[in-house]
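Please have the sequence and the coordinates open side by side before reading on. The paragraphs below go from the overall architecture to single residues.

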Number of protein chains: 2
Amino acid sequence: MGADPHGFKPHIARVEKKLTEQPPQPAEKPEIPAPKPLRADAQRNRDKLVVAAAQAFAAEGVDASLEEIAKRAGVGIGTLYRHFPTREHLVEVVYRREVEGLCHAAEELAGQHRADVALELWMQRFVDYIATKRGLATSLRLLLTANSTLFSDTSGRVSGALKRLVDQAAAAGKIRADVDASDVLHALGGIYSAPNTPDWRDRSGRLVKLLMDGLRFGARG
Amino acid sequence: MGADPHGFKPHIARVEKKLTEQPPQPAEKPEIPAPKPLRADAQRNRDKLVVAAAQAFAAEGVDASLEEIAKRAGVGIGTLYRHFPTREHLVEVVYRREVEGLCHAAEELAGQHRADVALELWMQRFVDYIATKRGLATSLRLLLTANSTLFSDTSGRVSGALKRLVDQAAAAGKIRADVDASDVLHALGGIYSAPNTPDWRDRSGRLVKLLMDGLRFGARG
DNA sequence: TAAATAAACGGAGGCGCCTCCGTTTTAGTG
DNA sequence: CACTAAAACGGAGGCGCCTCCGTTTATTTA
């Protein structure tokens, strides 16, 4: 019923693609038939679509018009559908990209600021991440339950990034030593589960500051 | 986001309505603010819609066009939406009606046939019921998990109907006395979980016959 | 570099969803 | 029965989804 009655779904398998491309491995495992690289123009358009979709989802939620996204990306609607046969495919890629960005920010900040400042700035960034995640709400929840790889991948990466920052700050004596990353993650949980009031962002910002004060209190250095 | 941006959803609360109407109870419990009876024309249209929807869902699955359903019912699409603000509302009502019919058939058959024959005929009817249930698949699964009342209501009624038939047949000595309704229901489970092959209906019919032979074997009368 | 082939593009077109509001029908009331 | 208010009707219209296929572009081959 309306679900691909003509078997017209080219390369659906390709659901994600790192931006940093690897050399086309000659053949590693018998299964997974090697997602061969896209033609240059295709890759370009694909990237433009993901960027446009990320903006659209952030601004208008998951129900943003796909036609509008295609238009913003400067490609035809057909191109969008060729790359992302369903809205969920697109959501997934956007979400992975978001996680990627958040983890990347952790390294970036760690290299540019004192350990405790890096942690604080990162947590502020984390608030934005949660905002996006909420924007994608329903679709994402479905995806995360249906696709357990996606869930474990992403939550693992995020908590790993947090752990690194916390450990560094603790090692540098900038925050107290008697808490660990999981405590902090737990505390940040309040951000995720808070009701969606208009001042949500501000409240969350304050929560982060408060948390940092707590963490700095009794620090060695 | 596209979800009722204008607050334009009249009487959504009314999700079900028995065909056999009760006199408008003066006031029974503080909660549940009395779903006052529909105007005659409204009730008529509502019924026509449910009938048309049942046919459409049976013939084409849950994704049947709502506009088509309205047309078949001889009403405007606006009328459909007024009565059933979402596709799921309509699915729920159709499903309840199906259950109703199945239970009604149990009484009917019990009154017109020898106890074991009634049981067999009813089980054949049960196959149709399962077919519908499968047709409604995704939507219905969501509804049944989201709305536990719906689940307990319907499964209770169906197994109740079965129990009555089995008990009568056993009491009349037409089937063996050492099985009870839950055993039979368990056996019928195979129908529900069978793969959806083209000959599914035939296979299920045969399963019912086989089951009846087993039940008759060793009967007193 | 040119030709040939495969890959990708893009948007018109058809269909379904849902809202909104002018028109019609029903159920009271005098 | 006539009148009125409230309820219900219905379908045009706007928008989004998705497919299909003629056209364009990248890549390979000679």
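For what follows on the surface near the DNA, Ala, Val, Leu, Ile, Met, Phe, Trp, Tyr, Cys and Pro count as nonpolar, Asp, Glu, Lys and Arg as charged, and the others, Gly among them, as polar. This is a predicted model, and with these classes the surface near DNA strand D has 10 nonpolar, seven polar and eight charged residues. Of the 25 residues around that strand, the ones that come nearest are G78(A), N45(B), V75(B), G76(B) and G78(B). Helices of both chains take part, since at least two residues each are supplied by α1 (40-60), α2 (66-73) and α3 (77-83) of chain A and by α1 (40-60) and α3 (77-83) of chain B. The most is given by α3(B), with four residues.

Confidence should be kept in mind while reading chain A. Its pLDDT averages 84, and 85% of its residues score at least 70. Over residues 1-30 of chain A, however, pLDDT stays under 50, and for this stretch the model has 19 contacts beyond four places in sequence.

Chain A has nine helices and zero strands, and 23% of its 221 residues count as buried. Among the contacts in chain A between residues at least 6 apart in sequence, 67% join residues at least 24 apart. The domain assignment divides chain A into domain 1 (40-83) and domain 2 (88-216), and the centres of these two domains, taken over C-alpha atoms, are separated by 26 Å. Seven residues from domain 1 of chain A and 11 residues from domain 2 of chain A make up the contact between them. On the side of domain 1 of chain A that touches domain 2 of chain A, there are six nonpolar residues, one polar residue and no charged residues.

Within domain 1, a useful point of reference is L49(A), which lies in helix α1 of chain A. Is L49(A) buried or exposed? It has 25 C-beta neighbours inside 10 Å, and because 20 or more are required, L49(A) counts as buried. Leaving aside residues up to four places away in sequence, L49(A) touches I69(A), A73(A), V75(A), L80(A) and H83(A). The C-alpha atoms of L49(A) and E67(A), which are 18 residues apart along the chain, are separated by 11 Å.

The counterpart for comparison in chain B is Y81(B), placed in helix α3 of chain B. Y81(B) has 17 C-beta neighbours inside 10 Å and therefore counts as partly exposed. Along the chain Y81(B) and P195(B) are 114 residues apart, and 35 Å separate their C-alpha atoms.

In domain 2 of chain A, attention can turn to helix α7. The 24 residues of α7(A), residues 148-171, should span 34 Å at 1.5 Å a residue, and the end C-alpha atoms are 34 Å apart, which agrees. The buried residues of α7(A) are A161(A), L162(A), L165(A), V166(A), A169(A) and A170(A), and what covers them includes α4 (87-112), α5 (115-135) and α8 (181-193) of chain A. Just after α7(A), G173(A) takes a positive phi of about 75°.

Helix α9 (residues 200-216) of chain A holds S204(A), which counts as buried because 22 C-beta neighbours lie inside 10 Å. Beyond residues up to four places away in sequence, S204(A) touches V127(A), I191(A) and A194(A). S204(A) and Y192(A) are 12 residues apart in sequence, with 9.2 Å between their C-alpha atoms.

Chain B can be read in a similar way through helix α5 (residues 115-135), whose 21 residues should span 30 Å at 1.5 Å a residue, in agreement with the 30 Å between its end C-alpha atoms. In α5(B), the buried residues are A115(B), D116(B), A118(B), L119(B), E120(B), W122(B), M123(B) and F126(B). These buried residues of α5(B) pack against α4 (87-112), α7, α8 (181-193) and α9 (200-216) of chain B.

The last stop is N147(B), in the loop between α6 (137-146) and α7 (148-171) of chain B. With 14 other C-beta atoms within 10 Å, N147(B) is partly exposed. N147(B) and A177(B) are 30 residues apart in sequence, and their C-alpha atoms lie 36 Å apart in space.

Key:
Residues are numbered from 1 along each chain as its sequence is written. Chains are lettered from A and ligands numbered from 1 in the order in which they are written. This is a predicted model: local features need pLDDT of at least 70, side-chain atom pairs count only at pLDDT 80 or more; totals for chains, interfaces and linings use all residues. pLDDT is the predictor's confidence in each residue, from 0 to 100. Two residues are in contact if their C-beta atoms, placed from the backbone, lie within 7 Å. Domain bounds come from an automatic or database domain assignment. A residue is near a molecule or strand if its C-beta atom, placed from the backbone, lies within 6 Å of it. A residue is buried if 20 or more other C-beta atoms lie within 10 Å of its own, exposed if 12 or fewer, and partly exposed in between; C-beta atoms are placed from the backbone. The expected span of a helix is 1.5 Å times one less than its number of residues.
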